[in-house]
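Hi everyone, thanks for making room for me today. Let me put the structure up, and then I'll talk you through it.

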Amino acid sequence: MAAQQDRTDLAVLMAHIDEHYRARRPQPFRRGEDIVHIGTASYGAAEVGHVLKALLAGWISMGPETIEFERAFAAYVGTSAGIAVNSGSSANLIALAALLETGRLRRGQEVIAPGATFSTVLSPIIQLGLRPVIVDVDPLSYNVSAETVASGISGDTGAVIIVHTLGQPADLDPLLALARTRGLVVLEDCCEAHGSRYQGRVVGSAGDIATCSFYVAHNMTTGEGGMVLTSDPALETVARSLREFGRMRLDNPVRYSYNDGTLVNYDERYVFERLGYNMRMTDIAASFGIEQLRKLDAMNAQRIATSAYYSARLARYEEYLQLPTPPPGHVHSYYAYPVVVRRGAPFDRARLARFLESRRIETRALFGGSLVDQPAYRGLGLRTAGDLPTTCHLRDAAMLIGCHPRIGEAEREYVCDVFDEFFASGSRSQSLIAAAPE
Ligand SMILES: Cc1ncc(COP(=O)(O)O)c(C=O)c1O
(Lines give C-alpha, C1' and ligand atoms only; values in the text may rest on other atoms or scores of the structure.)
Protein backbone atom coordinates (compact mmCIF):
# COMPACT_ATOMS: atom_id res chain seq x y z
CA MET A 1 0.00 0.00 0.00
CA ALA A 2 2.74 2.44 1.05
CA ALA A 3 4.73 1.73 -2.12
CA GLN A 4 1.60 2.30 -4.22
CA GLN A 5 0.97 5.62 -2.42
CA ASP A 6 4.62 6.70 -3.00
CA ARG A 7 4.26 5.95 -6.72
CA THR A 8 1.05 8.00 -6.89
CA ASP A 9 2.65 10.90 -4.95
CA LEU A 10 5.64 10.84 -7.28
CA ALA A 11 3.41 10.81 -10.36
CA VAL A 12 1.49 13.85 -9.05
CA LEU A 13 4.71 15.70 -8.22
CA MET A 14 6.19 14.82 -11.63
CA ALA A 15 3.15 16.26 -13.38
CA HIS A 16 3.69 19.54 -11.47
CA ILE A 17 7.40 19.57 -12.31
CA ASP A 18 6.69 18.91 -16.00
CA GLU A 19 4.14 21.71 -15.98
CA HIS A 20 6.63 24.04 -14.28
CA TYR A 21 9.24 23.48 -17.00
CA ARG A 22 6.68 23.63 -19.83
CA ALA A 23 5.39 26.96 -18.54
CA ARG A 24 8.91 28.39 -18.23
CA ARG A 25 9.39 29.32 -21.89
CA PRO A 26 12.82 30.76 -22.65
CA GLN A 27 12.66 34.54 -22.73
CA PRO A 28 13.89 36.22 -25.94
CA PHE A 29 17.56 37.13 -25.63
CA ARG A 30 18.13 40.86 -24.99
CA ARG A 31 21.34 41.93 -26.76
CA GLY A 32 23.73 43.77 -24.47
CA GLU A 33 21.53 43.22 -21.42
CA ASP A 34 21.51 39.47 -20.84
CA ILE A 35 24.81 37.86 -19.94
CA VAL A 36 26.21 35.26 -22.34
CA HIS A 37 27.58 32.91 -19.72
CA ILE A 38 30.77 30.93 -20.11
CA GLY A 39 29.14 27.77 -18.76
CA THR A 40 25.85 26.97 -17.11
CA ALA A 41 23.89 23.81 -16.35
CA SER A 42 21.16 22.69 -18.73
CA TYR A 43 18.59 20.57 -16.93
CA GLY A 44 14.87 20.17 -16.53
CA ALA A 45 12.05 17.96 -15.33
CA ALA A 46 13.94 14.68 -15.84
CA GLU A 47 16.78 15.63 -13.47
CA VAL A 48 14.52 17.27 -10.87
CA GLY A 49 12.14 14.32 -10.99
CA HIS A 50 14.91 11.76 -10.57
CA VAL A 51 16.37 13.65 -7.61
CA LEU A 52 12.92 13.77 -6.07
CA LYS A 53 12.57 10.03 -6.56
CA ALA A 54 15.86 9.51 -4.70
CA LEU A 55 14.73 11.80 -1.89
CA LEU A 56 11.40 10.02 -1.57
CA ALA A 57 13.17 6.66 -1.55
CA GLY A 58 14.90 7.88 1.61
CA TRP A 59 18.48 7.18 0.56
CA ILE A 60 20.39 10.42 0.19
CA SER A 61 24.00 9.38 0.85
CA MET A 62 25.84 6.98 -1.49
CA GLY A 63 23.50 4.13 -2.46
CA PRO A 64 21.68 2.50 -5.37
CA GLU A 65 21.54 5.61 -7.57
CA THR A 66 25.31 6.00 -7.29
CA ILE A 67 25.83 2.38 -8.28
CA GLU A 68 23.55 2.86 -11.28
CA PHE A 69 25.32 6.06 -12.30
CA GLU A 70 28.74 4.39 -12.00
CA ARG A 71 27.63 1.50 -14.21
CA ALA A 72 26.03 3.75 -16.81
CA PHE A 73 28.94 6.17 -17.05
CA ALA A 74 31.58 3.40 -17.16
CA ALA A 75 29.59 1.64 -19.91
CA TYR A 76 29.40 4.91 -21.85
CA VAL A 77 33.17 5.43 -21.59
CA GLY A 78 34.00 1.77 -22.16
CA THR A 79 35.65 0.80 -18.87
CA SER A 80 34.57 -2.03 -16.62
CA ALA A 81 34.33 0.20 -13.53
CA GLY A 82 33.44 3.71 -12.48
CA ILE A 83 34.04 4.95 -8.95
CA ALA A 84 31.89 8.02 -8.29
CA VAL A 85 33.43 10.76 -6.14
CA ASN A 86 32.62 14.29 -5.06
CA SER A 87 34.75 16.17 -7.64
CA GLY A 88 37.21 15.86 -10.49
CA SER A 89 39.95 17.03 -8.13
CA SER A 90 39.13 14.14 -5.79
CA ALA A 91 39.14 11.78 -8.78
CA ASN A 92 42.69 12.85 -9.70
CA LEU A 93 43.86 12.46 -6.09
CA ILE A 94 42.31 9.02 -5.76
CA ALA A 95 43.57 7.84 -9.16
CA LEU A 96 47.16 8.74 -8.32
CA ALA A 97 46.84 7.37 -4.77
CA ALA A 98 45.49 4.08 -6.20
CA LEU A 99 48.47 3.88 -8.58
CA LEU A 100 50.77 4.28 -5.57
CA GLU A 101 48.85 1.83 -3.36
CA THR A 102 48.93 -0.87 -6.02
CA GLY A 103 52.66 -0.38 -6.66
CA ARG A 104 52.17 0.92 -10.21
CA LEU A 105 53.99 4.04 -9.02
CA ARG A 106 56.57 4.53 -6.30
CA ARG A 107 56.67 7.60 -4.05
CA GLY A 108 59.30 10.01 -5.37
CA GLN A 109 58.87 8.98 -9.00
CA GLU A 110 58.27 11.59 -11.67
CA VAL A 111 54.86 12.16 -13.24
CA ILE A 112 54.64 14.09 -16.50
CA ALA A 113 51.83 16.66 -16.73
CA PRO A 114 50.91 19.46 -19.15
CA GLY A 115 51.92 23.02 -18.35
CA ALA A 116 48.67 24.63 -19.48
CA THR A 117 45.83 23.15 -17.46
CA PHE A 118 43.88 23.19 -14.20
CA SER A 119 45.52 23.34 -10.75
CA THR A 120 44.25 20.01 -9.48
CA VAL A 121 45.95 18.12 -12.28
CA LEU A 122 49.25 19.20 -10.75
CA SER A 123 48.53 19.55 -7.02
CA PRO A 124 47.71 15.88 -6.26
CA ILE A 125 51.04 14.80 -7.76
CA ILE A 126 52.85 16.95 -5.21
CA GLN A 127 50.41 16.23 -2.36
CA LEU A 128 51.11 12.49 -2.74
CA GLY A 129 54.89 12.79 -2.68
CA LEU A 130 55.40 12.31 -6.41
CA ARG A 131 57.46 14.71 -8.51
CA PRO A 132 55.76 16.52 -11.39
CA VAL A 133 57.59 17.21 -14.62
CA ILE A 134 55.88 19.88 -16.65
CA VAL A 135 55.93 19.55 -20.43
CA ASP A 136 54.74 21.86 -23.17
CA VAL A 137 51.53 21.40 -25.16
CA ASP A 138 50.92 21.21 -28.88
CA PRO A 139 50.28 24.65 -30.42
CA LEU A 140 47.11 23.53 -32.24
CA SER A 141 45.40 21.09 -29.87
CA TYR A 142 46.70 22.57 -26.55
CA ASN A 143 47.30 18.95 -25.47
CA VAL A 144 50.47 17.08 -24.61
CA SER A 145 51.85 15.17 -27.61
CA ALA A 146 54.24 12.25 -27.92
CA GLU A 147 57.00 14.77 -28.71
CA THR A 148 56.40 17.01 -25.70
CA VAL A 149 56.02 14.04 -23.33
CA ALA A 150 59.22 12.45 -24.70
CA SER A 151 61.06 15.69 -23.92
CA GLY A 152 60.24 15.24 -20.22
CA ILE A 153 61.06 11.56 -19.72
CA SER A 154 63.97 10.64 -17.44
CA GLY A 155 65.08 7.36 -15.91
CA ASP A 156 62.79 8.14 -12.97
CA THR A 157 59.54 8.80 -14.85
CA GLY A 158 56.66 6.59 -13.78
CA ALA A 159 53.52 8.06 -15.34
CA VAL A 160 52.04 10.60 -17.69
CA ILE A 161 48.81 12.53 -17.22
CA ILE A 162 47.10 13.19 -20.55
CA VAL A 163 44.51 15.97 -20.27
CA HIS A 164 42.04 16.26 -23.15
CA THR A 165 42.05 20.03 -23.01
CA LEU A 166 38.65 21.73 -23.35
CA GLY A 167 37.24 18.58 -24.96
CA GLN A 168 39.72 18.24 -27.81
CA PRO A 169 41.02 14.65 -27.66
CA ALA A 170 44.77 14.32 -27.35
CA ASP A 171 46.46 12.34 -30.15
CA LEU A 172 46.33 9.10 -28.17
CA ASP A 173 47.87 6.53 -30.54
CA PRO A 174 51.42 7.96 -30.52
CA LEU A 175 51.11 8.86 -26.83
CA LEU A 176 50.11 5.30 -25.88
CA ALA A 177 52.85 3.84 -28.07
CA LEU A 178 55.41 6.03 -26.30
CA ALA A 179 54.02 5.11 -22.86
CA ARG A 180 54.20 1.41 -23.72
CA THR A 181 57.77 1.65 -25.01
CA ARG A 182 58.95 3.63 -21.98
CA GLY A 183 56.90 1.66 -19.44
CA LEU A 184 54.81 4.63 -18.28
CA VAL A 185 51.46 4.38 -16.52
CA VAL A 186 48.80 6.51 -18.27
CA LEU A 187 46.21 8.60 -16.44
CA GLU A 188 43.71 10.23 -18.80
CA ASP A 189 42.17 13.35 -17.30
CA CYS A 190 38.80 13.67 -19.07
CA CYS A 191 37.46 16.33 -16.72
CA GLU A 192 36.87 18.67 -19.69
CA ALA A 193 36.06 15.97 -22.26
CA HIS A 194 32.82 14.09 -21.56
CA GLY A 195 31.90 12.28 -24.74
CA SER A 196 34.89 13.45 -26.80
CA ARG A 197 35.88 10.73 -29.23
CA TYR A 198 39.25 9.65 -30.56
CA GLN A 199 39.10 7.43 -33.66
CA GLY A 200 35.50 6.54 -32.82
CA ARG A 201 36.01 5.77 -29.11
CA VAL A 202 34.87 7.90 -26.20
CA VAL A 203 37.98 9.09 -24.35
CA GLY A 204 38.72 7.59 -20.92
CA SER A 205 39.38 3.93 -21.63
CA ALA A 206 42.76 4.09 -23.37
CA GLY A 207 45.05 4.33 -20.35
CA ASP A 208 45.34 2.54 -17.00
CA ILE A 209 42.98 4.89 -15.22
CA ALA A 210 40.97 8.00 -16.09
CA THR A 211 39.12 10.78 -14.31
CA CYS A 212 36.09 12.96 -14.95
CA SER A 213 34.52 16.03 -13.34
CA PHE A 214 30.83 16.79 -13.14
CA TYR A 215 31.16 20.36 -11.88
CA VAL A 216 28.31 22.59 -12.94
CA ALA A 217 30.01 24.27 -15.92
CA HIS A 218 31.00 20.95 -17.54
CA ASN A 219 29.34 19.18 -20.49
CA MET A 220 27.25 17.18 -18.02
CA THR A 221 26.91 17.90 -14.34
CA THR A 222 25.92 16.65 -10.91
CA GLY A 223 26.48 20.09 -9.34
CA GLU A 224 29.77 18.93 -7.85
CA GLY A 225 31.04 15.46 -8.64
CA GLY A 226 33.56 13.30 -10.41
CA MET A 227 34.44 9.76 -11.38
CA VAL A 228 37.49 7.50 -11.52
CA LEU A 229 37.34 5.04 -14.43
CA THR A 230 39.37 1.88 -14.89
CA SER A 231 39.19 -1.66 -16.24
CA ASP A 232 41.88 -2.88 -13.86
CA PRO A 233 40.25 -4.78 -10.96
CA ALA A 234 43.11 -4.07 -8.54
CA LEU A 235 42.96 -0.33 -9.20
CA GLU A 236 39.18 -0.43 -8.88
CA THR A 237 39.26 -2.16 -5.48
CA VAL A 238 41.83 0.23 -4.08
CA ALA A 239 40.12 3.33 -5.53
CA ARG A 240 36.82 2.28 -3.92
CA SER A 241 38.56 1.79 -0.59
CA LEU A 242 40.40 5.14 -0.81
CA ARG A 243 37.13 6.90 -1.61
CA GLU A 244 35.61 5.48 1.54
CA PHE A 245 37.91 5.96 4.55
CA GLY A 246 40.37 3.24 3.45
CA ARG A 247 37.76 0.65 4.32
CA MET A 248 38.05 -3.00 3.33
CA ARG A 249 35.96 -4.22 0.41
CA LEU A 250 32.60 -5.39 1.77
CA ASP A 251 31.74 -8.61 0.00
CA ASN A 252 31.26 -11.09 2.84
CA PRO A 253 27.55 -11.55 3.55
CA VAL A 254 28.18 -12.95 7.05
CA ARG A 255 28.35 -10.09 9.55
CA TYR A 256 30.97 -9.98 12.31
CA SER A 257 33.13 -12.54 10.57
CA TYR A 258 36.39 -10.65 9.99
CA ASN A 259 39.37 -12.34 11.60
CA ASP A 260 43.04 -11.53 11.25
CA GLY A 261 44.41 -12.72 14.58
CA THR A 262 44.14 -9.31 16.22
CA LEU A 263 40.61 -8.37 15.22
CA VAL A 264 38.44 -11.36 16.01
CA ASN A 265 34.91 -11.80 14.63
CA TYR A 266 35.00 -8.11 13.97
CA ASP A 267 32.40 -6.01 12.11
CA GLU A 268 33.83 -5.94 8.57
CA ARG A 269 32.21 -2.56 7.92
CA TYR A 270 34.89 -1.05 10.14
CA VAL A 271 38.04 -2.71 8.95
CA PHE A 272 40.34 -0.02 7.59
CA GLU A 273 43.06 -1.41 5.35
CA ARG A 274 44.77 1.79 4.28
CA LEU A 275 44.81 5.55 4.84
CA GLY A 276 41.78 6.78 2.96
CA TYR A 277 39.53 9.76 2.41
CA ASN A 278 35.81 10.35 2.35
CA MET A 279 35.12 11.52 -1.19
CA ARG A 280 31.85 9.75 -1.88
CA MET A 281 29.14 10.98 -4.20
CA THR A 282 25.60 11.28 -2.83
CA ASP A 283 22.57 9.59 -4.42
CA ILE A 284 21.09 13.05 -4.91
CA ALA A 285 24.00 13.98 -7.19
CA ALA A 286 24.08 10.56 -8.88
CA SER A 287 20.36 10.61 -9.75
CA PHE A 288 20.90 14.00 -11.41
CA GLY A 289 23.91 12.58 -13.27
CA ILE A 290 21.98 9.57 -14.63
CA GLU A 291 19.61 11.93 -16.44
CA GLN A 292 22.40 14.22 -17.63
CA LEU A 293 24.25 11.26 -19.14
CA ARG A 294 21.18 10.34 -21.18
CA LYS A 295 21.33 13.82 -22.76
CA LEU A 296 25.10 14.11 -23.05
CA ASP A 297 25.50 13.32 -26.77
CA ALA A 298 22.61 15.62 -27.69
CA MET A 299 24.00 18.43 -25.52
CA ASN A 300 27.45 17.93 -27.08
CA ALA A 301 25.89 18.15 -30.55
CA GLN A 302 24.56 21.59 -29.59
CA ARG A 303 28.01 22.65 -28.35
CA ILE A 304 29.54 21.44 -31.60
CA ALA A 305 26.95 23.32 -33.69
CA THR A 306 27.52 26.58 -31.78
CA SER A 307 31.29 26.17 -32.08
CA ALA A 308 30.99 25.52 -35.82
CA TYR A 309 28.98 28.74 -36.12
CA TYR A 310 31.66 30.69 -34.20
CA SER A 311 34.41 29.18 -36.34
CA ALA A 312 32.59 30.05 -39.58
CA ARG A 313 31.89 33.65 -38.54
CA LEU A 314 35.27 34.30 -36.91
CA ALA A 315 37.30 32.73 -39.74
CA ARG A 316 37.69 36.19 -41.31
CA TYR A 317 39.79 37.22 -38.27
CA GLU A 318 42.13 34.24 -38.44
CA GLU A 319 45.03 36.54 -39.20
CA TYR A 320 44.69 37.65 -35.56
CA LEU A 321 42.85 34.84 -33.82
CA GLN A 322 43.70 31.15 -33.68
CA LEU A 323 40.48 29.11 -33.60
CA PRO A 324 40.07 25.41 -32.74
CA THR A 325 40.80 22.97 -35.59
CA PRO A 326 40.19 19.35 -34.51
CA PRO A 327 41.79 16.96 -37.03
CA PRO A 328 39.74 14.20 -38.72
CA GLY A 329 38.92 11.37 -36.31
CA HIS A 330 38.89 13.70 -33.29
CA VAL A 331 35.41 14.61 -32.01
CA HIS A 332 35.84 17.77 -29.91
CA SER A 333 33.16 18.19 -27.25
CA TYR A 334 33.81 21.92 -26.66
CA TYR A 335 33.77 22.36 -22.91
CA ALA A 336 34.23 25.98 -24.00
CA TYR A 337 35.29 27.70 -27.23
CA PRO A 338 38.95 28.77 -27.20
CA VAL A 339 40.18 31.89 -28.98
CA VAL A 340 43.93 32.55 -28.94
CA VAL A 341 45.23 35.97 -29.92
CA ARG A 342 48.08 35.40 -32.35
CA ARG A 343 51.58 36.69 -31.73
CA GLY A 344 51.96 40.04 -33.50
CA ALA A 345 48.22 40.91 -33.44
CA PRO A 346 47.70 44.67 -32.94
CA PHE A 347 45.76 44.07 -29.70
CA ASP A 348 46.20 41.83 -26.70
CA ARG A 349 43.95 39.30 -24.96
CA ALA A 350 43.01 41.69 -22.15
CA ARG A 351 41.82 44.27 -24.67
CA LEU A 352 39.62 41.81 -26.53
CA ALA A 353 38.34 40.16 -23.33
CA ARG A 354 37.46 43.49 -21.73
CA PHE A 355 35.60 44.51 -24.89
CA LEU A 356 33.54 41.30 -24.82
CA GLU A 357 32.93 41.60 -21.08
CA SER A 358 31.80 45.23 -21.57
CA ARG A 359 29.13 43.79 -23.91
CA ARG A 360 28.10 41.21 -21.27
CA ILE A 361 29.88 38.26 -22.85
CA GLU A 362 31.68 36.27 -20.18
CA THR A 363 35.26 35.15 -20.85
CA ARG A 364 37.85 33.09 -19.00
CA ALA A 365 41.58 32.54 -19.30
CA LEU A 366 42.70 28.97 -20.05
CA PHE A 367 42.50 27.98 -16.36
CA GLY A 368 45.96 28.24 -14.79
CA GLY A 369 47.61 29.36 -18.03
CA SER A 370 51.12 28.17 -17.29
CA LEU A 371 50.71 26.45 -13.93
CA VAL A 372 54.37 26.77 -12.92
CA ASP A 373 53.91 30.55 -13.00
CA GLN A 374 51.01 30.42 -10.52
CA PRO A 375 51.83 31.57 -6.97
CA ALA A 376 51.20 28.11 -5.46
CA TYR A 377 53.86 26.39 -7.58
CA ARG A 378 56.36 29.16 -8.22
CA GLY A 379 58.68 28.51 -5.32
CA LEU A 380 58.64 24.72 -5.52
CA GLY A 381 61.45 24.32 -8.05
CA LEU A 382 59.38 22.04 -10.26
CA ARG A 383 61.20 20.49 -13.20
CA THR A 384 60.03 21.66 -16.60
CA ALA A 385 61.05 20.22 -19.96
CA GLY A 386 62.46 23.35 -21.59
CA ASP A 387 60.90 26.78 -21.38
CA LEU A 388 57.36 25.81 -22.51
CA PRO A 389 56.84 28.36 -25.31
CA THR A 390 53.29 27.27 -26.25
CA THR A 391 52.19 27.05 -22.62
CA CYS A 392 53.50 30.58 -22.01
CA HIS A 393 51.74 31.86 -25.14
CA LEU A 394 48.45 30.30 -23.99
CA ARG A 395 48.96 31.86 -20.54
CA ASP A 396 49.23 35.28 -22.19
CA ALA A 397 46.89 34.99 -25.17
CA ALA A 398 44.20 32.30 -24.72
CA MET A 399 40.63 33.12 -23.84
CA LEU A 400 37.46 31.05 -23.59
CA ILE A 401 33.89 31.97 -24.47
CA GLY A 402 30.75 29.95 -23.83
CA CYS A 403 29.24 27.46 -26.30
CA HIS A 404 26.99 25.52 -23.90
CA PRO A 405 23.53 24.30 -24.92
CA ARG A 406 21.73 27.30 -23.45
CA ILE A 407 23.38 29.51 -26.05
CA GLY A 408 20.83 29.72 -28.84
CA GLU A 409 20.93 31.30 -32.28
CA ALA A 410 20.31 34.83 -30.97
CA GLU A 411 23.12 34.59 -28.41
CA ARG A 412 25.68 33.16 -30.82
CA GLU A 413 24.87 35.77 -33.48
CA TYR A 414 25.26 38.46 -30.85
CA VAL A 415 28.66 37.10 -29.76
CA CYS A 416 29.96 37.17 -33.33
CA ASP A 417 28.46 40.64 -33.95
CA VAL A 418 30.43 41.87 -30.93
CA PHE A 419 33.63 40.42 -32.43
CA ASP A 420 32.73 42.29 -35.67
CA GLU A 421 32.23 45.46 -33.65
CA PHE A 422 35.62 44.98 -31.97
CA PHE A 423 37.43 44.61 -35.28
CA ALA A 424 35.42 47.42 -36.95
CA SER A 425 36.29 49.79 -34.12
CA GLY A 426 39.96 48.91 -34.64
CA SER A 427 39.91 49.53 -38.37
CA ARG A 428 38.15 52.89 -37.92
CA SER A 429 40.87 54.17 -35.63
CA GLN A 430 43.66 52.09 -37.21
CA SER A 431 44.67 50.92 -33.78
CA LEU A 432 42.68 48.31 -31.99
CA ILE A 433 44.75 48.90 -28.92
CA ALA A 434 43.71 52.52 -28.75
CA ALA A 435 40.15 52.05 -30.01
CA ALA A 436 38.57 49.35 -27.92
CA PRO A 437 36.83 50.74 -24.83
CA GLU A 438 37.81 49.45 -21.39
C1 LIG B 1 41.54 19.18 -16.50
C2 LIG B 1 40.85 19.29 -15.16
N3 LIG B 1 41.14 18.39 -14.20
C4 LIG B 1 40.54 18.44 -13.00
C5 LIG B 1 39.59 19.40 -12.70
C6 LIG B 1 38.94 19.43 -11.36
O7 LIG B 1 37.57 19.15 -11.40
P8 LIG B 1 36.59 19.66 -10.22
O9 LIG B 1 36.34 21.11 -10.45
O10 LIG B 1 35.37 18.83 -10.36
O11 LIG B 1 37.29 19.41 -8.93
C12 LIG B 1 39.26 20.36 -13.66
C13 LIG B 1 38.25 21.38 -13.38
O14 LIG B 1 37.53 21.84 -14.20
C15 LIG B 1 39.91 20.30 -14.93
O16 LIG B 1 39.64 21.22 -15.87
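**Two domains, a ligand and some helix packing**

So, the domain assignment splits the chain into domain 1 (45-291) and domain 2 (296-430); those bounds come from an automatic or database domain assignment. Please keep in mind that this is a predicted model: local features need pLDDT of at least 70, side-chain atom pairs count only at pLDDT 80 or more, and totals for chains, interfaces and linings use all residues. Residues are numbered from 1 along each chain as its sequence is written.

How far apart are the centres of the two domains? Taken over C-alpha atoms, 28 Å separate them. The contact draws 32 residues from domain 1 and 38 residues from domain 2, where contact means that C-beta atoms, placed from the backbone, lie within 7 Å. On the domain 1 side, helix 5 (119-127), strand 3 (131-135) and strand 6 (197-198) each put in at least two residues. Strand 3 has the largest share there, with four residues. By class, that side has 16 nonpolar, 13 polar and three charged residues. For the classes, Ala, Val, Leu, Ile, Met, Phe, Trp, Tyr, Cys and Pro are nonpolar, Asp, Glu, Lys and Arg are charged, and the others, Gly among them, are polar.

Zooming out, the chain has 14 helices and 14 strands. Those are DSSP runs numbered from the N terminus, H or I of at least four residues for helices and E of at least two for strands.

Now the ligand. Which residues come nearest to it? Of the 16 around the ligand, they are S87, G88, S89, C191 and S213, with "around" meaning a C-beta atom, placed from the backbone, within 6 Å. Helix 4 (88-101) and helix 5 are the elements that give two or more residues to this shell, and helix 4 gives the most, with three. The shell is made up of six nonpolar, eight polar and two charged residues.

Helix 4 and helix 5 also pack on each other, at about 35 degrees with axes 9 Å apart. Axes here are lines fitted to C-alpha atoms, for helices over the stretch in contact, and angles run from 0 to 180 degrees between N-to-C directions. From helix 4, S89, N92, L93 and L96 meet T120, V121, P124, I125 and Q127 of helix 5. That contact has five nonpolar, four polar and no charged residues.

One more helix pair: the axes of helix 2 (residues 45-57) and helix 9 (residues 283-314) come within 8 Å and cross at roughly 145 degrees. Helix 2 brings residues including H50 and K53, and helix 9 brings residues including F288 and E291. Here the classes are seven nonpolar, three polar and four charged.

Last, overall dimensions: the C-alpha trace spans about 85 × 65 × 35 Å along its principal axes.

Conventions: Two residues are in contact if their C-beta atoms, placed from the backbone, lie within 7 Å.
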